[in-house]
Amino acid sequence: MKIQLVDLAHARSGDKGDTANVGLIALKPEWYDVLNRHVTLDRVADHFRGMIEGEVERYELPNLNALNFLLHGALDGGGTLSLKTDAQGKVYSTALLRMMIDVPDDEAAEFGLPGVKPATGAKAR
Amino acid sequence: MAGGQGFWGDDLDAPRRQVEGGPVDYLMLDYLAEVTMSILQKQKERDPSLGYARDFVGAMESVLPAVVEKGVKVVANAGGVNPPACAAAIKAATAKRTPRGALRIGVVTGDDLLGRLDSLLDAGHPLANMDTGEPLSKIRSDVLSANAYIGSEPIVEALAKGANVVITGRSTDTALTMAPLRYEFGWSATSWDQLAAGIVAGHIIECGAQCSGGNCLYDWRSIPDLANVGYPIVEVTADGEFVVTKHADTGGRVSVPTVTEQLVYEMGDPRSYITPDVIADFTTIRLAPDGENRVRVSGIKGKPATDKLKVSIAYRSGFKAVGTLVYAWPDALEKAQAADSVLRTRLDRLGLKFDRVLTEFVGANATHGRLAGDQRDAPEVQLRFGVRGPDRGAVERFTREIAPLVLNGPPSVTGFAGGRPKVEEIVAYWPALIDKSVVKTSVEVIE
């Protein structure tokens, strides 16, 4: 089933120079494994393709049920140089929550993900 | 320890609420962002008695009874680029209401490297840009301020000398919280786990209410009474374990999700949160609920500090301006896009050259870009057009090209009452590293 990250996680983002960071936190501790499996470096880089100029880095914090992503070249030069509305990367957090992931139905059922309806491939929400 | 300010411009009354809302030993006030240092430097150039966060004077006046009568100590980086002037201003503002000797102000200096820059370069400290590797010579003549991020030691020294108010310049935000803990508990300079715990406590409360319900996405509708949001408090024990909480009868919320959101804020590599005193490992932090609006934090591990300090150098880097107009339904986005195209053609024809031109369509794509999807039917869209470049004249000329579009561009346009966009001088940042051994701090306690 397809599921949107906004139904699985919350997030906060901030800046350091021209890099935005997005901390992605599972809404329920048991969903961290699902995030860790499906929200990969490649998927996130693909999600933000064309929106950022640099590389993406990914870190795991199983102790906080969280992943941390660094989006380099995301802020049009950063801080005071930036012409962007979101010059400090405050809402890259919810931009990541737009991402759709494809979770096998049996895995979604096992972890009790929202929107799981047995036997019908029901969509999220 | 209570956190009472997350930046210069935060809630003016929060420091008073923090010392009057319940028992606290220390009040920590963080005023400095990178941009703040250069603003303060400009103020000091105009008037040598300025260059500090002036909000701190009002804050001190409001917490003075708690400091004098209840023994609350205050630690703040409000000194900016001029801690002695800040101390003098506090003294002047509180003199009439303070018994002799009741206020002992510890003043920490030595972080300001502006006057030493050339001798440091001559002595072989390259101060190269940490991100790009470029040498400082590239921007040397445009430098406005240069400050090393200093750690807990001078603050501990000031407290040991009897200060009950400590004013620093560019100390790290987290040191303001960790130093009093180090002083009270006698943690050594190599008590890595305890020092790291103090840093994590500092990271949690350095942004004020952002850990106690403010800007919290998790179940945000259910967070009570943000109008009366409680600022954070940490209750720390000598082993480094602590509880994050807030005063009774305040709004907001302290929960595992609210604290977790703050922990990941502005995070880099979580295993290496580098500070002047210690490297904290955020992957070792354990959070657990500890009653209503209480979160217990434990398990934190630290590693030895590096032999470098970060230096933040601010320099002049050209000019920018941003202009906006609002287009209404029908076809709001398409009209805004047409206006953008007209504006770009006119700027080209004028021969104006910029390093950067950025168009955003607020209401359609300004924050989430293409991820926001099709917004052709939006009820209104704001055209937001920005330029940046070294030539003030070109940026100034651009600011005169927005208003004419109201009468000579695409239709259904409004929202221009604010007048011409303002030209802003850009102060940019040059992060660098320097050997710890060359930065000498000093502490003076004045009464």
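Which residues in H9(B) are buried? They are Thr258(B), Val259(B), Thr260(B), Glu261(B), Gln262(B), Leu263(B) and Val264(B). A residue is buried if 20 or more other C-beta atoms lie within 10 Å of its own, exposed if 12 or fewer, and partly exposed in between, with C-beta atoms placed from the backbone. Helix H9 of chain B covers residues 256-264, and seven of its nine residues are buried. Glu266(B), which follows H9(B), has a positive phi near 55°.

This is a predicted model, in which local features need pLDDT of at least 70, side-chain atom pairs count only at pLDDT 80 or more, and totals for chains, interfaces and linings use all residues. Residues are numbered from 1 along each chain as its sequence is written, while chains are lettered from A and ligands numbered from 1 in the order in which they are written. The average pLDDT (the predictor's confidence in each residue, from 0 to 100) of chain B is 96, and 100% of the residues score at least 70. For the complex, the predictor gives an ipTM of 0.95 and a pTM of 0.95.

Chain A contains four helices and six strands; helices (H or I, at least four residues) and strands (E, at least two) are DSSP runs, numbered from the N terminus. From the N terminus on, their order is β-β-β-α-α-β-β-α-β-α. The radius of gyration of chain A, at 15 Å, is close to the 14 Å that the globule rule gives for 125 residues, so chain A is as compact as a globular protein of that length. That radius is taken over C-alpha atoms, and the globule rule is 2.2 Å times the number of residues to the power 0.38. Of the 125 residues of chain A, 46% count as buried.

Chain B is divided into domain 1 (2-111 + 149-306) and domain 2 (316-430), with bounds from an automatic or database domain assignment. The centres of these domains, taken over C-alpha atoms, are 39 Å apart.

The largest nonpolar core has 142 residues, and Leu24(A), Leu27(B) and Phe56(B) are among those with the most contacts inside it. A nonpolar core is a set of buried Ala, Val, Leu, Ile, Met, Phe, Trp, Tyr and Cys residues joined through C-beta atoms within 7 Å. Helix H8 (residues 192-205) of chain B gives the largest share of this core, nine residues. Both domains of chain B give residues to this core, so it lies between them. Another core, apart from it, has 22 residues, including Phe319(B) and Phe385(B).

Strand E14 (residues 308-328) of chain B has several antiparallel partners, listed below. Two strands pair if DSSP finds at least two bridges between them.

| Partner of E14(B) | Residues | Bridges | Bridge pair |
|---|---|---|---|
| E5(B) | 143-148 | five bridges | Asn147(B) and Ser312(B) |
| E18(B) | 424-435 | 11 bridges | Ala314(B) and Tyr429(B) |
| E16(B) | 380-389 | 10 bridges | Ala328(B) and Glu380(B) |
| E17(B) | 413-414 | two bridges | Val326(B) and Thr414(B) |

An open sheet of three strands in chain B has the order E9-E10-E13, with antiparallel pairing. Strands E9 (273-274) and E13 (301-304) of chain B stand at the edges with a single partner strand each, so one side of each is left without a neighbour in the sheet. Two bridges join E9(B) to strand E10 (residues 278-281) of chain B, and Tyr273(B) stands opposite Ala280(B) in E10(B).
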